[in-house]
Structures are given as structure tokens and as C-alpha cells.
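Good morning, and thank you for coming. Please have the sequence and the structure open while I speak.

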Amino acid sequence: MSGTDGLALATRGLRKSYGSRRALDGLDLSVPAGVVYGFLGPNGAGKTTTMRVLTGLVHADGGSVEVLGQPFKRGDRRRLFEVGALVESPTFYPYLSARANLRELAASGAPVSAKRIEELLDLVGLCDRAGDKVQDFSMGMKQRLGIAAALLSDPKLLLLDEPANGLDPAGIVAMRDTLRTLASQGKTVFVSSHLLAEIQVMADVVGIIAAGKLVREGPLKELLSMQGVVKVRVRPNLVDAAIATLAPLAPVERLTETDREEGWLSVHLATDRAEEVNQKLAGDGIYASGLESGTDLEMLFLELTGGQGTSSGEGEFVGLGSPNGGQNGGAPAGKGTAA
Amino acid sequence: MRLFLSGVRKLSRRPATFVTFGLLVGLLVLIVIAVGATANSTVGNSNGAQRGVAARDLLTFPGAYNRVLEFILGLGGLFAMIYGAAIAGSEWSWGTLKSAVARGESRVRYMLLTFASIGLMIAIGIVIAFVVAVVADIIGANLAGISTSGLGDTATLGGLPERLLKGWVAVMEEAALGFTIATLARSQLAGIGAGIAFYFGESFASIFLPDIVKYMPFSVANAALSSGSASVGSGGSVIATLPPDEALLLVFVWLIASLFVVALFSDRAEITG
């Protein structure tokens, strides 16, 4: 595989079909070492299939995978000794305790010390419940135990599928901190999620997949800088004039009225051009009463994935508001991310 | 070795282990004690003499050793098949196989060592059930007023280890069948249901197709321990069976074939869900 130096994980032309349904259609991922990589995609885009292929649970029809700099083919299962994974929902023996489950899981794959199990139970906050049967655990507790299970072998590469599922807010923050800490220690964390806000605050690099193909990949900051939003508020009767004034700064499709009655406009520009927007308006005698700038992963995601739920069989959640899923004009610019 | 020991630890804590074993031993003790308590009262009834002879046969040592063992292995075979199906099916439906594979464990090794741990549990179960059954038989014999002087018969006792070993292999073959069906079905319930259907289906088919059924897994398992060339079916009909040595060979064939299917399917299966 060429061009994969310095990558913890790379796929090239990965293909996988389930019957006539194509789940992966030539997926090329490049996950640098030592980062938190956010793997995003709509339902049915191929995220879980990718995770399954990367953990040897299903076999790809074509393409190649490289894990920690080495080819990962069928039969190379020992490559996974350095990989920790939580694929789909965490799975355990319901009649065993949390501690016993980790101990029995540790009997497979790479050897793990008993001390490590206790450390992980402590890390995920399950020390007090370590002796309780997993069948009595809540979903969030199972999820925490699943994260502990993924960390059993102190992996260099961690693959997590929707790790925030079922976690309470404190659990999500703790999980995020843990993953950031792992990345700071040089480990690579590959997180598949549909929680864009979570990925936006956690990931260094993002890959967006749609219909089994990678549609965008790169450092999050870089991607978001191309997806900046400047929101400006003028008097409602000056909205049309403001649009005309700002037209030279941005193409018309990137200039939207967010709320005409309140006088809010959104201009899709790099956030460092907010001052320029203000200056331009002032130059034409239109004074802004409000100005916000920020970036929006959600906007980028919807733009790249076409705002579709899926194209491969899981159906589409249309929503009650607009048939296009809030794409473009209806999208809340700068939502939750105002700088 | 750690995977095998892990399998044993998991099974030793699993409710299915205790339920299956408890049912087998409970039924065994209940029947033997009931036979002992009623052995003498059946003499005056119609067919009572015949039943009395059968009851005394079950309670009279040293022959009781073999009767009890046949009883354990007969009923135990069905229970072992259900047990094997429950264990294999849960590995798929609970997703625990998935977790092990994602850690880099070999699917084939995992499944075969899981079966090996079942084998150890079955061996322990047979020995304990046999000891409990012998104790129950002694109690039953005392209740029936039958002498237990044959308990120490050296010839019978000397042959017991070999019969226990053969019985274990036969029960393992039946467990392997359940294990295989559940692996193919990827489900505990489907595995157990299909296994039971197969068990009774084979028994039923023996009425119409005795020359074929005698080669089938449950028939060869029973024949491997029998002393004659025919056995009595549930309806009282005489069913042709294979000679014990030939049957034992076929038991091995079924056992190995079942495990081969498990290995092949596990290796190729797509682990989803």
C-alpha cells in the first residue's frame, strides 16, 4: 500500500456488499497516528461495516487494510492484539460480574494482567459494581464496561463505535477526556459516531462517509475553516439592503436569511472574515446590532452527505419540518458553535 | 490453555450448567427411589411380575451399575445436546464470540476450546451423576428389601471406567450435534429446538427407516453402550442397532464431522449484530 507512512490505520478501495446491497464502495481512509479520528456518516453509510471489517468480523470483498503500518488480511488476526474495539453494542455474559467478564475476555487475544483489569474498572468508574452481574447493569454501565473491555490490551489503536451511547452527560465528558488523554499518549482513537457535536469537540481529524465512500477527510480545524459562518443582525427593514451589500463577499447560495423578522442573516465565510462583513455593512450605512461567527460541522456534514438519511437500505428520517432535512437555507447557521 | 480454563470457569458459573445437571440428577434420583419404594407393590398387578423384574434389575448390584449408567447416558445424551446448543448459541446471540474475535482470537480455536470445556463439564457431570445414582440405587434397594451384596463385584467395577469413557464419548457426540446446530443457527433457542426435533425425529424415523436410522447420531450413541444387536424402542418395538464397536467408530465419525462443520462455519461466518 503506498502513501500510508505515519498512518495508524489505512484502507484503500475497501469494498463490501451484503447480497445486492453495497455497504462499502471503495473506501479510502487515512488515519494518522496519535489523533482522535471522528468517523462520521448517516445511518447506513457503512460506518459499522467498516468497523466490522477493521476488526476481522466480516471479510471485505476487495481492497486492502493496513493496521499500525502492517497489512491486515484474513488470517492476520494477531494484528488485532494491538487494537482495542467496541463494535456496535457492548457484549457480555449476563450471568457474570463486570470483573469476571473482563477476566474471561482477557483470556482471548493478547494476555492481560489482573492488575490491568482493576485499573480499567477504576478508570470507567465501575469499581463499586465490579462484583455485580452484568445483567443488572444499565445501558450506560454496560457501555462503560465495553470501553474498559476495548482498553484491556492497552491498545495502540482504539476503534470505538458510538462510544457515547447510553452514557450520561458526566460519563460522556469523562469518556471524551479519556480518549483525549489516550491520544496525547500517542495512541490513535478511531471513533465512529453520529453525534456531530461530540465529534466536533473531541476529534482532531474527521472522515465523512456516505453511501460507502469517503466524501471528505482532513483535520477538523481545516475542514471547519472552510465551513465558517458569520451571523449578522441588522434592522429587519434593512435585510434586503444588507444582502445586496454582502453579495460581493459570498455567492448568493452562501448568503441566507436566518430570521427576517429579527433581521438575522448568515454568511458562509471563513470566521476570520467577520470583521470584513461588519466593515462592508458599515460602509453602506448599515450598522449591525449583532455579530457572531463560528463553524459548524453539522452544516458540513449535511452538505457532504446531501442531508440524506441513507442511500443503502436503512430508510430516511425526513422530519416534521422540511422535506430536505433542513439543508442549506433552513439550517441553523453557527448552531451551538458561535466563537 | 487460558482460553480452555476460561471456558471451564464460564461454564462452572453458568445457570444452564446447574439446571441441566440438576434436572438429570433430580429425575434420576426420583425415578430410582420411586422404583425402590414401589418395587414390591407391583407384583400383584397385571404385568406386575414383569415390571417387578425390571425394577429389581435396576436395583440389584452389580447389574445395577450398568443399568444406572445406561439411564444416565440415555437421558444425559438429550440433555447434553440441549446444553451444547445453549452454549454455542449464546456465543453468537450474546455477541461474546464477536468480542473475542475483535481481540484477535481465532474463531476456530475459540469455538473448539469452548466445546472442549463443555466436554470437561460433561465428564464431571457424568461421574457425579453416576455416584449420586448409585447412592440412590442403594437407598432404593434398601427400600425394596433387595440385597446390595453385589456392590463390590470386582469384574463389574473393573469394567466401569471403560464403559464410563465410552459413554462420555457418546454423550460428547450428542453434545457436539447440539453445538453444531446452534452454531449454524447462531441462536440458543433455534439450536435447542432443532436439536430436540432431531432427537425425537430420529427416534420416530427408526420405526419406518430402521436400516438408515441405525447409522444416525443418537442411535449410534445408544448402540455404542448397548450389549446386543437390537434395542427396545419407545413403543416396545425392537429396533435394529449396530454392534457396539462399529457404533463407537461411527460415534467418533459424527463427533469429528460435527466439530469440523463448527470449525468451517465459524471460520467463514460473517459476525454481525
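In strand 4 of chain A, A:E66 is the bridge partner of A:A10. I should say at once that this is a predicted model. The pairing to which that bridge belongs joins strand 1 of chain A, residues 7-18, to strand 4 of chain A, residues 62-67; it is antiparallel and extends over 5 bridges.

Strand 1 of chain A also pairs with strand 2 of chain A, again in the antiparallel sense, here over 9 bridges. In this pairing A:Y18 stands opposite A:R21 of strand 2. The two strands form a hairpin with 2 residues between them. In the turn, A:G19 has a positive phi of about 65°.

How many strands form this sheet, and in what order? There are 4, arranged 2-1-4-5 in an open sheet of chain A with antiparallel pairing. At the edges stand strand 2, residues 21-32, and strand 5, residues 70-71; each has a single partner strand, so one side of each has no neighbour in the sheet. Helix 1 of chain A, residues 47-54, lies across strand 1, strand 2 and strand 4 of that chain. The helix runs at about 65° to strand 2 of chain A.

I turn to the other sheet of chain A described here. An open sheet of 6 strands follows the order 6-7-8-3-9-10 in chain A, and its pairing is mixed. Which strands stand at the edges? They are strand 6, residues 83-86, and strand 10, residues 213-219, of chain A; each has a single partner strand, so one side of each is left without a neighbour in the sheet. On average, and with direction ignored, neighbouring strands of this sheet are turned by 15° against each other.

Strand 9 of chain A, residues 205-210, pairs with strand 10 of chain A in the antiparallel sense over 6 bridges. Within strand 10, A:G218 is the bridge partner of A:V206. Helix 4 of chain A, residues 139-150, packs on the sheet and touches strand 6 and strand 7, the latter being residues 157-161. The direction of helix 4 of chain A makes about 160° with that of strand 6 of chain A. Helix 5 of chain A, residues 169-184, also packs on the sheet, touching strand 3 (36-40), strand 7 and strand 8 (188-193) of chain A. Its direction makes about 145° with that of strand 8 of chain A.

Let us move to chain B, and to its helix packing. Two packed helices are described by the angle between their axes and the distance between the axes. Helix 4 of chain B, residues 63-93, and helix 8 of chain B, residues 188-208, have axes that come within 7 Å and cross at roughly 155°. With angles over 145 degrees counted as roughly antiparallel, helix 4 and helix 8 of chain B are therefore roughly antiparallel to each other. Their crossing is right-handed. Among the contacting residues are B:L78, B:A85 and B:G89 of helix 4 of chain B, and B:G191, B:G195 and B:Y199 of helix 8 of chain B. The residues of this contact divide into 10 nonpolar, 6 polar and no charged.

Helix 4 of chain B packs with helix 2 of chain B, residues 15-38, as well, at an angle of about 165° and with the axes 10 Å apart. That makes helix 2 of chain B roughly antiparallel to helix 4 of chain B. This crossing, too, is right-handed. From helix 2 of chain B the contact includes B:L23, B:L24 and B:L27, which meet residues of helix 4 of chain B including B:F71, B:L75 and B:F79. The contact of helix 2 with helix 4 of chain B has 12 nonpolar residues, 2 polar and no charged.

What does each chain bring to the contact between chain A and chain B? Chain B gives 24 residues and chain A gives 22 residues. On the side of chain B that touches chain A, helix 1 (2-12) and helix 5 (96-102) of chain B each supply at least two residues. Helix 5 of chain B gives the most, with 6 residues. That side of chain B divides into 8 nonpolar, 7 polar and 9 charged residues.

I close with the confidence figures. The predictor gives the complex an ipTM of 0.87 and a pTM of 0.83. For chain B the mean pLDDT is 89, and 92% of its residues reach 70 or more.

Key. Residues numbered from 1 in each chain as written. Chains lettered and ligands numbered in written order. Predicted model: local features only at pLDDT ≥ 70, side-chain atom pairs only at ≥ 80, totals over all residues. Axes fitted to C-alpha atoms, helices over the stretch in contact; angles between N-to-C directions. Parallel < 35°, antiparallel > 145°, perpendicular 65-115°, else oblique. Left-handed = near helix turned anticlockwise from the far one by under 90°. Contact = placed C-beta atoms within 7 Å. Nonpolar A, V, L, I, M, F, W, Y, C, P; charged D, E, K, R; others polar. Pairing = 2+ DSSP bridges. pLDDT = per-residue confidence, 0-100.
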